[in-house]
Amino acid sequence: NEVYPNETLANIAEKYVICKKDYTFSKEDFDADIDSIALAEKFNNTRFDIAFEEYYNSVTSKKRKELMLKDLSLTSDADSFKTEMALISLMTGTDGFSYAVAGRKLLNKASYNENAPSTEVIGYTCKAFAKYILNL
């Protein structure tokens, strides 16, 4: 790799990419994605202003972890391997890069210098993301 020549792909994913401010998927992005999933469920039965107030007055990192695992169809006792596999499936499956409507845009966003991420890069990124989620 050109940017961090003395780092392994695993270290790059964990130290520089997942939920880091300088990259396209910051902690704020992660929180916003999880929060939008939770709020969308609340909006079905609750006024927007009340849903926002109730949610943001009670949300914690632990709650976001539970919401993310639930969104991945996992339980709170999921281990890092199950979480990693669920993330890889989501990223590369029919809801990710293979999604008919927006999959190409997702793949382009994940590409570097117009090169799609390799299976190895996807694996290390999902492994680092799984670790991040499970440590919330």
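# Arg64 and its surroundings in a predicted model

User: In this predicted model, which residues is Arg64 in contact with, leaving aside its neighbours within four places in sequence?

Analyst: Once the neighbours within four places in sequence are left aside, Arg64 is in contact with a set of residues that includes Tyr55, Tyr56 and Val59. Arg64 itself is found in helix α4. Given in full, the contacts of Arg64 are Asp31, Ile34, Asp35, Tyr55, Tyr56, Val59 and Leu136.

User: Is Arg64 buried or exposed?

Analyst: Residues under 20% relative accessible area count as buried. The relative accessible area of Arg64 is 12%, so this residue of the predicted model is classed as buried.

User: Which side chain is joined to that of Arg64 by a polar contact, and at what distance?

Analyst: Asp35 is among the residues in contact with Arg64, and it also belongs to the α2 side of the contact between α2 and α4. The polar contact runs from the side chain of Arg64 to that of Asp35, at 2.8 Å.

User: Where does Val59 lie, and which residues does it touch, not counting those up to four places away in sequence?

Analyst: Val59 lies in the loop between α3 and α4, and it is buried, with a relative accessible area of 18%. Its C-alpha atom is separated by 9.9 Å from that of Ala38, which is 21 residues apart from it along the chain. Not counting residues up to four places away in sequence, Val59 touches Asp35 and Arg64.

User: How do helix α2 and helix α4 pack, roughly parallel or roughly perpendicular?

Analyst: Helix α2 (residues 27–43) and helix α4 (residues 61–71) have their axes 10 Å apart and pack at an angle of about 75°. Angles of 65 to 115 degrees count as roughly perpendicular. The angle therefore makes α2, relative to α4, roughly perpendicular.

User: By class, how many residues of each kind does the contact of α2 with α4 have?

Analyst: On the α2 side the contact is made by Phe30, Asp31, Ile34, Asp35, Ile37, Ala38 and Glu41, and on the α4 side by Arg64, Leu67, Met68, Lys70 and Asp71. Sorted by class, these are six nonpolar, no polar and six charged residues.

User: Which helix gives the most to the largest nonpolar core?

Analyst: Of the 27 residues in this core, Phe30, Met68, Leu87, Phe129 and Ile133 touch the most other members. Leaving aside neighbours within four places in sequence, Met68 is in contact with Phe30, Ile34, Leu87, Phe129 and Ile133. At least two core residues come from each of α2, α3, α4, α5 and α7, and the helix that gives the most, with seven residues, is α7.

Technical notes: Residues numbered from 1 in each chain as written. Predicted model: local features only at pLDDT ≥ 70, side-chain atom pairs only at ≥ 80, totals over all residues. Heavy atoms only, no water. Axes fitted to C-alpha atoms, helices over the stretch in contact; angles between N-to-C directions. Parallel < 35°, antiparallel > 145°, perpendicular 65-115°, else oblique. Contact = heavy atoms within 4.5 Å. Nonpolar A, V, L, I, M, F, W, Y, C, P; charged D, E, K, R; others polar. Core = buried A, V, L, I, M, F, W, Y, C linked by side-chain atoms within 4.5 Å. Buried < 20%, exposed > 50% of the residue type's maximum accessible area, 1.4 Å probe, protein only. Polar contact = N/O pair within 3.5 Å; in protein donor to acceptor, adjacent residues only side chain to side chain.
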